[in-house]
Structure formats: C-alpha cells, structure tokens
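Reader: Could you take me through this structure step by step, with the reasoning spelled out?

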Amino acid sequence: MLRVFDFLFSLIGIIFGFPILVVIFLIGLFDTGSPLFIQKRIGRDKRPFKLVKFRTMSRDTASMATHLVSQSSVTRFGKFLRKTKFDELPQLWNVLKGDMSLVGPRPNLESQVNLIVERSKRNIYSVRPGITGLAQILGVDMSRPELLAETDERMISEMSFQNYLKFIILTLVGRGAGDRVRN
C-alpha cells in the first residue's frame, strides 16, 4: 500500500515541482557545470542502484560518505540546496522508479562496510531505502553505524501509514537533518 503512495506522491511532486527542478538545474549549471550528482548506492536486498541528487559540492570532491567530506567542498549554492533540502528533489525519480521509498533507511555507499554489517544483522535491506526516515528526524547520521542501524530497525518495526505521513511532514517542515558535512 505504501508503494502506491510513494508512486503517487513522487509523481505529483515531479509534476508540480518541475518548474523548481528546471530552475535549480539551470542555476546548478552555472554553479558547478554539472548540476546532477549520480552515485551508486545500496538498495533493497543489497542491490545497487543509481541515486540522483542535485550537486552541492564541487565536481572534484571524492565520492565518500557525507560526514567525511570537508565543508569547504560545498558550494555556496550547494549550501542553500542542503539547507532547503532541494538537493533531494531528484530522488523523487528514484521513488517513482521503485528504487526508493519516500520513507525508509537512507541508502548507503558500498564503502560503508561497518554500516552494511550492522544493517545486515538487523535485516534493514529487506525494505526500500528512503529519502527520509526516523534517523533523519532524530539527527542520527551515518557516522554512527550501530545507532543508525538500530534506529532504522525501530522505524521498520513501527512503520504504519500514520508514521509514514508523520516522517514526510516533519521533514517538509524542517526536521530531518540527515547526514551533515563536517566543518
């Protein structure tokens, strides 16, 4: 049932957000020359997929977990995109395709071995990864793999349509910090 809502909400978001997506894309062209950032992530059943976001860091930034990247890598426009969470909008395409859900554990990189181990112990990969979730609402990021996996497990076990909507609304009104770039 949640997949139906994922599909509908992401389709509506893409349709109504299209003008915003175009403007951000064009500004991103001037900011970095390459407004989209595509990165291989681990999805449901540990299948890799290509996550799409608006680029917030310079093009020469190494592909690594966000909490390991220096703040100096984030562009001025990228800071705005991160603060408003507009950098996440292209992930609606991932939701529409079925690679992701609006709500679920944030997808990790293949290089985040400790997190993969912790999530595997708790069967986190049995669900689609999400744009937001309990860990983002609580400010738990990928720098604490065990706590993140525990929080993901709690979210999955308590998932309901009411919690699904609650996490989306809390994210839209400014909660949902997600991973932070270190200073």
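**Reading the model from loop to helix**

Author: Asp45 sits in the loop that joins strand S1 (36-42) to strand S2 (48-54), and we can begin there, keeping in mind that the whole model is predicted.

Reader: Is Asp45 buried, partly exposed or exposed?

Author: Asp45 has a positive phi of about 55° although it is not a glycine. Its relative accessibility is 48%, and a residue counts as partly exposed when its value lies between the 20% limit for buried and the 50% limit for exposed. Asp45 is therefore partly exposed.

Reader: What is the phi of Lys46, in the loop between S1 and S2?

Author: Lys46 lies in the loop between S1 and S2, and it is partly exposed, with a relative accessible area of 42%. Lys46 is a residue other than glycine, yet its phi is positive, with a value near 60°.

Reader: In what order do the elements of the protein chain run?

Author: The protein chain has 7 helices and 4 strands, and buried residues make up 46% of its 183 residues. Read from the N terminus on, with α for a helix and β for a strand, the order is α-β-β-α-α-β-α-β-α-α-α.

Reader: How are H1 and H7 oriented to each other?

Author: The axes of helix H1 (residues 2-32) and helix H7 (residues 161-172) come within 11 Å and cross at roughly 30°. H1 passes H7 in a right-handed crossing. Because angles under 35 degrees count as roughly parallel, the description for H1 and H7 is roughly parallel.

Reader: Is Ile15 buried or exposed?

Author: Ile15 is found in helix H1, and it belongs to a nonpolar surface patch of about 740 Å², which it makes together with Val4, Phe7, Leu8, Phe9, Leu11, Ile12 and Phe16. The relative accessibility of Ile15 is 51%, and the limit for this class is over 50%, so Ile15 counts as exposed.

Reader: Which parts does the salt bridge between Arg106 and Glu88 tie together, and how many residues apart in sequence are they?

Author: The structure holds 12 salt bridges, and in one of them the side chains of Arg106 and Glu88 meet at 3.6 Å, N to O. Arg106 lies in the loop between strand S3 (101-103) and helix H4 (113-121), while Glu88 lies in the loop between helix H2 (76-84) and helix H3 (91-97), so the pair ties together parts whose separation in sequence is 18 residues.

Reader: Are Arg106 and Glu88 buried or exposed?

Author: Arg106 has a relative accessible area of 10%, and Glu88 has a relative accessibility of 19%. Since buried means under 20%, Arg106 is buried, and Glu88 likewise counts as buried.

Reader: How far apart are the closest N and O atoms of Lys97 and Asp99?

Author: Lys97 is partly exposed, with a relative accessible area of 47%. Lys97 forms a salt bridge with Asp99, and the distance between their closest N and O atoms is 3.2 Å.

Reader: Which residues are linked with Arg122 in a network of salt bridges?

Author: Arg122 forms a salt bridge with Glu118, with the closest N and O atoms 2.7 Å apart, and both Arg122 and Glu118 are buried. The network that holds Arg122 also links Glu118, Lys121, Glu150 and Glu153.

Definitions and conventions: Residues numbered from 1 in each chain as written. Predicted model: local features only at pLDDT ≥ 70, side-chain atom pairs only at ≥ 80, totals over all residues. Heavy atoms only, no water. Patch = residues over 30% accessible without salt bridge, like charges linked within 9 Å, V, L, I, M, F, W, Y side chains within 5 Å. Areas by Shrake-Rupley, 256 points an atom, 1.4 Å probe, with all protein chains shown as cover. Salt bridge = Lys/Arg side-chain N within 4 Å of Asp/Glu carboxyl O. Helix = DSSP H or I, 4+ residues; strand = E, 2+ residues; numbered from the N terminus. Buried < 20%, exposed > 50% of the residue type's maximum accessible area, 1.4 Å probe, protein only. Axes fitted to C-alpha atoms, helices over the stretch in contact; angles between N-to-C directions. Parallel < 35°, antiparallel > 145°, perpendicular 65-115°, else oblique. Left-handed = near helix turned anticlockwise from the far one by under 90°.
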